Amino acid sequence: MRLSRRGLLATTTAAVALPVPTASARSRGRRLRTGFERLAADGYAPLDGRRVGIVTNPTGVTRDVRHIVDVMHADTRVNLVAVFGPEHGFRGTAQAGGSEGRYADPATGLPVYDTYLKSGRALADVFTASGVDTVVFDIQDVGARFYTYIWTLYDCMEAAQLAGKRFMVLDRPNPVTGRCALGPVLHKEFATFVGRRPVSQAHGMTVAELARLFNGEFLSTPVPLETVLMTGWRRTDFYDASGLPWVPPSPNMPTPDTALVYAGTCLFEGTNLSEGRGTTRPFELLGAEGVDGRWAAEAERLGLPGVHFREAYFAPAFSKFQGKTVGGVQVHVHDRAVYDPVRTGIALLVTARKVWSGFAWRSDDWIDKLTGSTQVRTMIDAGATADEVVAAWQDELAAFRRVRREYLVYG
């Protein structure tokens with residue numbers, strides 16, 4: 001009998017069965033338990049007898065901010081033999097577009113392998129050389145398609161399958177909730193490391209749910225996948241409901257507030273305006289030389305739900321306009337329950353182009369990689385309103401939402 005695609009998925013994907021936290025544990029303020037917390041509480045039983053390598057970065061911490069690599073290395077119940085670092089590195093020392101390379105971790109002596117910009121057979125060879133039989137993934141995501149850690153997850157799943165390794169995902173919260181998917185869906189001809197597969201711009205999923213989606217829809221051959229789910233997380237929860245410490249997943253993601261706006265304002269990476277890198281409020285501050293208060297006033301007139309725009313001036317310490325004072329806006333979210341980051345990002349692009357004659361897209365059309373097609377750029381250039389741009393992707397978004405629904409595991 002030939003298995004269907006989803007039938008095959010059922011044979012290769014499992015949620016690891018771990019005991020549910022007791023009422024007394026919840027009463028001590030530990031309502032949410034991450035995948036790692038549950039794995040450790042069970043004595044790492046699902047990893048018994050395995051040679052383990054872990055894909056992680058500075059966000060892989062316990063509730064008391066110990067790094068899970070340090071914790072696992074010190075525990076005789078788990079045989080941790082390798083660490084795999086993504087963009088920015090395992091210990092997080094590299095800026096955007098960089099990594100830490102291959103080295104021995106000074107704290108544990110473990111070999112650290114670089115995964116950044118590796119995929120397919122090249123990454124499979126790294127897993128083979130490391131001597132692991134199980135690859136574990138534990139990185140805090142921020143909920144946007146173009147945040148590269150979810151594609152590190154995808155690439156590592158594909159490489160693990162090629163190398164004949166098992167794969168385990170330890171789940172963490174989506175910091176901006178998992179209520180719904182928003183924004184345009186990537187078109188396959190625009191696939192890059194900021195979007196490998198047709199996922200919406202704000203996906204509204206956890207990394208474990210994404211792993212199940214990748215395995216069921218996108219990998220040509222599914223990897224033997226286990227997911228250690230959280231307990232106590234609800235789809236409507238923002239990060240501050242988790243009780244977990246926030247560790248910046250990358251140098252320009254300093255707070256959960258950054259994550260809240262990022263799925264929309266990161267689009268300014270595709271323009272000649274600063275997206276706030278080099279300031280203390282990246283992706284909340286946007287601007288350029290020659291921009292004045294007209295931009296904030298124009299954006300505020302739209303009456304977008306849950307957000308206000310303040311005229312702002314700032315001098316980035318690095319990146320675009322380094323050391324120069326620029327004008328622009330600061331995005332102030334006052335009601336995150338109704339705030340739509342993608343619609344807001346599009347509205348800001350439309351209004352910036354309207355009020356500032358110097359507005360331009362990056363010459364490499366990076367905006368098309370971020371949005372997933374030429375549609376946003378060409379419609380804005382043709383004078384479309386924000387509402388018209390948003391309306392144009394609703395059919396493809398509805399189709400993605402139907403697929404996404406099959407892989408959601410939290411209520």
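Which residues form one aromatic cluster together with Y262? In this predicted model, the cluster is made up of F146, Y147, Y149, Y262 and F283, and the account below begins with the contacts between its rings before it turns to a helix, to the cavities and to two backbone angles.

**Aromatic pairs**

The structure holds 16 aromatic pairs. One of them joins Y147 and Y262, whose rings meet edge-to-face, with 5.4 Å from centre to centre and 80° between the planes. This pair links distant parts of the chain, since Y147 belongs to the loop between β6 (134-138) and α6 (149-163), while Y262 belongs to helix α8 (residues 256-265), 115 residues apart. Y147 has a relative accessibility of 6%, and because buried means under 20%, this residue counts as buried. Y262, at 5% relative accessibility, counts as buried as well.

Y262 also forms an edge-to-face pair with F283, in which the ring centres are 4.9 Å apart and the planes stand at 90°. Here, too, distant parts of the chain are linked, with Y262 in helix α8 and F283 in the loop between α8 and β11 (285-288), 21 residues apart. Both partners of this pair, Y262 and F283, are buried.

**Charges over rings**

In two places an arginine lies over an aromatic ring, and the table gives the distance to the ring centre for each.

| Arginine | Ring | Distance to ring centre |
|---|---|---|
| R102 | Y113 | 4.3 Å |
| R336 | F238 | 4.1 Å |

For R336, the part that sits over the ring of F238 is the charged end of the side chain, and R102 lies over the face of Y113.

**Helix α5**

Where do the buried residues of helix α5 fall when the helix is seen down its axis? In this helix (residues 120-130), the buried residues are G120, L123, A124, V126, F127 and S130. Seen down the axis of α5, these buried residues fall within an arc of 150°, so they line one face of the helix. They pack against four strands and one helix, namely β2 (51-56), β3 (79-85), β5 (111-114), β6 and α6. After α5 comes G131, a residue whose phi is positive, near 80°.

**Cavities**

Rolling a probe the size of a water molecule over the atoms shows where empty space is left. The structure holds four cavities of 30 Å³ or more, and the largest cavity contains about 70 Å³ of space. The residues that line this largest cavity are T59, V61, T62, Q140, R172, Y239, L244, P245, W246 and V247.

**Positive phi outside glycine**

Most residues other than glycine have a negative phi. Against that background, two residues deserve a look. H88, which is not a glycine, has a positive phi near 80°, and its place is in the loop between β3 and β4 (103-104). With 7% relative accessibility, H88 counts as buried. D365, also a residue other than glycine, has a positive phi near 55°, and it lies in the loop between α10 (341-355) and α11 (366-371). Is D365 buried or partly exposed? Its relative accessible area is 28%, and D365 is therefore partly exposed, whereas H88 is buried.

Terms used: Residues numbered from 1 in each chain as written. Heavy atoms only, no water. Phe/Tyr/Trp six-rings, centres within 6.5 Å; stacked < 30°, edge-to-face > 60°. Helix = DSSP H or I, 4+ residues; strand = E, 2+ residues; numbered from the N terminus. Buried < 20%, exposed > 50% of the residue type's maximum accessible area, 1.4 Å probe, protein only. Lys NZ or Arg CZ within 6 Å of the ring centre and 35° of its normal. Arc of directions from axis to C-beta. Contact = heavy atoms within 4.5 Å. 1 Å grid on protein atoms, 1.4 Å probe; cavity = no way out; pocket = protein on both sides within 12 Å on 5 of 7 lines; lining within 4 Å. Points joined across faces, edges and corners; volume = space filled by probe spheres on them.
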